[in-house]
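Okay, thanks for making time, everyone. I'll put the sequence and structure up on the screen, and then I'll walk you through the parts I spent my time on.

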Amino acid sequence: MTDFTASSAVRSDGRPATTALTPWLILASLSIAATMDAVNSTVLVVTRGHLMGGTHATQDEIAWVNMAYVAAKLAALPVAAWMMPRASSSHMLGGAVATLIATSLGCSTTDSVDLLVCWRAIQGAAGAVLLVVGQSLLFAIFPRSRQGIAQAIFAFATIMAPTTITPALQGWIADAHSSSWIFVANVPLGLTGLFSAFLSRDIGARARPLGRFDWAGGAALAVFTTCFVFVTQEGSRHNWFDEPEVVAYFAVGLAAALCFMASEFRLQGRGALVDFGVFRDEHFAFGFVVSFVAGCALFGSALIIPAFAIGVLEFTPAYAGLVLLPSGALVCIGLLAAGGLIDAKGLDPAKPIPLGILCLMAAMWLLSGSTSESGLQDLIPAIMLRGLGLGLLFVSLTLVTLRDLGPETVAQGVALFNVGRQMGGQIGIAWLSTTLDHQNAHNRMVLSHHLAPSDPALIERQDAVTNLLVSRGYSPEEAVSAATAVIQKSFAQQVATLSFNECFLAIALLFVAAAPVLIATKLILGRLMSRHSEHSQGQSV
């Protein structure tokens, strides 16, 4: 009960004494501030080309702009949880927001890719602190009967905004202005976030000495997350373990993970960065596993849908961002519906989860029927169904996983819950990237049989295109060459369309494949917790 002890008045139930309006003001300002993380985490979704041009970076170099951010965020999440009972929440929150503002300005003013990578790493660490402190504060200042709505509002900023609103805004900014303005957009959001730090100044005062930090474990964690992110994001592009660099990163990452785990188990109960005792809570343990699978679908679909819009449908970055924007309204409906029913009607938070999964699966199945002639109006129904499913799924999953944790473990739970979702997302990106590459190769091989020079359909198509071009003023020689180019482009587009459709279908089938694992996990956890309870009762007797 040490995480959120107010330094001033405290209510009889142990919660900080605040006015009725203060928690809602903190929630609003925290949610706006958390949108900074949404902006930062989606920078390369639709604007990779713009940033490559602005920094004169190669594809390998620009990849580190995103990898540094994700790796630093993963490493900083447990560290932020470790700091929570040892430092003032308002100081941590204010420091994180101020750091995000400063690094955003740094990113917007540099054209050096190396400096940009450094700024992005600091951004990732600050974003992790913001998420852990922010969500932990909400569990502290809102009663159980209001957690549904509170977590629904916060979830829109932290989970849904990156996959709905920010890609559209970033695409528009990149097309209409300079890509540097994407980072400048963080500044007004951050100024609002400083207001939340001011409001929470009496919450989470330091409860115990800072203690000794596990530097060896922290260093091992940072090495592991860097290697993990590199392997998952770049493995497919480098043909996985056929590339020595990927093998080296994998080996170093595995060694670092083993060192980190050894250090943590050695220090359990004596200042370890990760408190594995939180997994003794059956709901948290199961929710962590589900969040891993859900993160895979969330981040994977958020990557593959704009890629399909840009690569196959030839949308501009701004227009590709608009593909996900209409789902924002359905996300809000799903979040508020689930959160409201949980609060007002006492609905079991686990009940909306299957409906959310079914909506998400149906949306991906609809997208798997897309063609190279599809337009925004063809994609919107599936995109909106996806938004509703994600809204129902994630607020319910958050409450199932974290609501029953005690004040002394909620920060650890928040950090590990985010780690599970982020790592699941990285694996989802790697899986879908590999699937896309393999399907491209397979479909190209299958369809190439129709490009044989003697194929009657090919000859007929080439003659038709050639005659059309001649009628438009091309010379016969130019028309033949241009007709060949048109057919080759159509072939590549058809290959890509089929490959993306396979990826959409794979996401739909992901939960079918995961269902037996999730059911088995639930049964095993139930039996383990039952035995633990019986053992504890036997000892007490």
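So, the second largest pocket: α19 gives the largest share of its lining, with 5 residues. This is a predicted model, by the way. The lining of that pocket has 20 residues in total, and the space inside comes to about 470 Å³. If you want to find the centre, look for Phe286, Val290, Ala350, Ile353 and Pro354, which lie nearest to it. Besides α19 (476-540), the elements giving two or more residues to the lining are α12 (282-311), α15 (352-367) and α16.

Let me zoom out for a second. We have 19 helices and 0 strands here. The protein has 541 residues, and 54% of them are buried. If you take the contacts between residues at least 6 apart in sequence, 83% join residues at least 24 apart.

Now the cores. Which residues touch the most other members of the largest nonpolar core? Those are Ile304, Ile305, Val323, Met364, Leu367, Phe500 and Phe504, out of 69 residues in that core. Take Val323 as one of them. Leaving aside neighbours within four places in sequence, Val323 contacts Ile305, Ala309, Phe315, Leu376, Leu379 and Ile383. There's also a second core, separate from that one, with 49 residues, including Val70, Val97, Phe230 and Ala411.

Keep Phe230 in mind, and let's go to the aromatics. The count comes to 13 aromatic pairs. The one I'd like to show you is Phe230 with Tyr249: the ring centres are 4.0 Å apart and the planes sit at 20 degrees, so this pair is stacked, given that the cut-off for stacking is under 30 degrees. Phe230 is in helix α10 (residues 215-234) and Tyr249 is in helix α11 (residues 244-266), so the pair links distant parts of the chain, 19 residues apart. Are the two partners buried or exposed? Phe230 is buried, at 4% relative accessibility, whereas Tyr249, at 21%, counts as partly exposed. For Tyr249, that follows because buried means under 20%. And the pair has company: ring pairs link Trp64, Phe230 and Tyr249 into a cluster.

A couple of helices next. Helix α14 (residues 327-344) has 18 residues and spans 25 Å from first C-alpha to last, close to the expected 26 Å. Its buried residues are Ser327, Gly328, Leu330, Val331, Gly334, Leu335, Ala338, Gly339, Ile342 and Asp343. Just past the end of α14, you'll see Gly346 with a positive phi of about 65 degrees.

Then there's helix α9 (residues 186-199), with 14 residues; it reaches 20 Å, close to the 20 Å expected. In α9 the buried residues are Asn186, Val187, Gly190, Gly193, Ser196, Ala197 and Leu199. Remember that an α-helix has 3.6 residues a turn, so residues three or four places apart point the same way.

Last stop, a loop residue. Where is Thr409? Thr409 is in the loop between α16 (376-402) and α17 (410-447). Thr409 counts as buried because its relative accessibility is 16%, and the cut-off is under 20%. Beyond its neighbours within four places in sequence, Thr409 is in contact with Asp275 and Val278.

That's what I have, so over to you.

Terms used:
Residues numbered from 1 in each chain as written. Predicted model: local features only at pLDDT ≥ 70, side-chain atom pairs only at ≥ 80, totals over all residues. Heavy atoms only, no water. Core = buried A, V, L, I, M, F, W, Y, C linked by side-chain atoms within 4.5 Å. Buried < 20%, exposed > 50% of the residue type's maximum accessible area, 1.4 Å probe, protein only. Contact = heavy atoms within 4.5 Å. Helix = DSSP H or I, 4+ residues; strand = E, 2+ residues; numbered from the N terminus. Expected span 1.5 Å × (residues − 1). Phe/Tyr/Trp six-rings, centres within 6.5 Å; stacked < 30°, edge-to-face > 60°. 1 Å grid on protein atoms, 1.4 Å probe; cavity = no way out; pocket = protein on both sides within 12 Å on 5 of 7 lines; lining within 4 Å. Points joined across faces, edges and corners; volume = space filled by probe spheres on them.
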